[in-house]
Amino acid sequence: MAEGTALALARLVRGGLPAVRAAWWATRAVRSVRTQLTRHDLASVRLPAPPPGAAEQRRVVLGVLRRTEATCLQRSLVLQRWYAAQRIRRTVVIAVTPPSAGFHAHAWLDGETDAEREEMMEILRHPTPEHWLAGAGQGP
């Protein structure tokens, strides 16, 4: 077993059942958003609410996003859902570089520090879906 994986498992064990549930939710959410984005538009993405106790497991959720190699858009949508369960609105921002600089797209949550965003032009802002806030802590 790779050293990084062993450390991640040790953190999960220390975090107890809430950490394991948060990791399981984040893994499923990444898989779900990957599938949905290949078949539907951004506004159609539906993700289940994180499990109880996930609000204290941000580090675990970020670790899963890193280990699953979530794209910046996938990461932003999963974190947007995680924040919504805590009744925190976070807007997903999508931007591109100017064509003269060579095309590159990037996504992040408004309010996050992101070094890439300085060189980019915003093309879309996707606010937190209201039903995610209204049903915070419940299903999709």
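Colleague: Is arginine 87 buried or exposed?
Modeller: This is a predicted model, so let's go by its computed values. Arginine 87 sits in the loop between helix 3 and strand 1 (92-96). Exposed means over 50% relative accessible area. Arginine 87 has a relative accessible area of 56%, and therefore counts as exposed.

Colleague: What is the phi of arginine 87?
Modeller: Happy to look at the backbone here. Most residues other than glycine have a negative phi. Arginine 87 is not a glycine, and yet its phi is positive, at about 60 degrees.

Colleague: Which residue just after helix 2 takes a positive phi?
Modeller: Look in the loop between helix 2 and helix 3. The residue there has a phi near 55 degrees, a positive value in a residue other than glycine. With 68% relative accessibility, the residue counts as exposed. The name you want is glutamate 69.

Colleague: How do helix 2 and helix 3 run relative to each other, roughly parallel or roughly antiparallel?
Modeller: Helix 2 covers residues 58-67 and helix 3 covers residues 72-84, and their axes lie 11 Å apart. The two pack at an angle of about 160 degrees. Angles over 145 degrees count as roughly antiparallel. That makes the pair roughly antiparallel.

Colleague: Is the crossing of helix 2 and helix 3 left-handed or right-handed?
Modeller: This crossing belongs to the helix pair that packs at about 160 degrees. Its handedness is right-handed.

Colleague: How many residues of the contact of helix 2 with helix 3 are nonpolar?
Modeller: From helix 2 come Arg58, Val61, Leu62 and Leu65, and they meet Arg75, Val78, Leu79, Trp82 and Tyr83 of helix 3. In this contact, two residues are charged and none is polar, while the nonpolar ones number seven.

Colleague: Which residues in helix 2 are buried?
Modeller: Buried means under 20% relative accessible area. Val61, Leu62 and Leu65 take part in the contact with helix 3, and these three are among the buried residues of helix 2. The full list is Val60, Val61, Leu62, Gly63, Val64 and Leu65.

Colleague: What pattern does the chain follow along the sequence?
Modeller: Stepping back to the whole chain, there are four helices and three strands. Read along the sequence, they give α-α-α-β-β-β-α.

Colleague: What share of contacts between residues at least 6 apart in sequence join residues at least 24 apart?
Modeller: The chain has 140 residues, and 41% of them count as buried. Contact here means heavy atoms within 4.5 Å. Of the contacts between residues at least 6 apart, the share joining residues at least 24 apart is 64%.

Technical notes: Residues numbered from 1 in each chain as written. Predicted model: local features only at pLDDT ≥ 70, side-chain atom pairs only at ≥ 80, totals over all residues. Heavy atoms only, no water. Buried < 20%, exposed > 50% of the residue type's maximum accessible area, 1.4 Å probe, protein only. Axes fitted to C-alpha atoms, helices over the stretch in contact; angles between N-to-C directions. Parallel < 35°, antiparallel > 145°, perpendicular 65-115°, else oblique. Left-handed = near helix turned anticlockwise from the far one by under 90°. Nonpolar A, V, L, I, M, F, W, Y, C, P; charged D, E, K, R; others polar.
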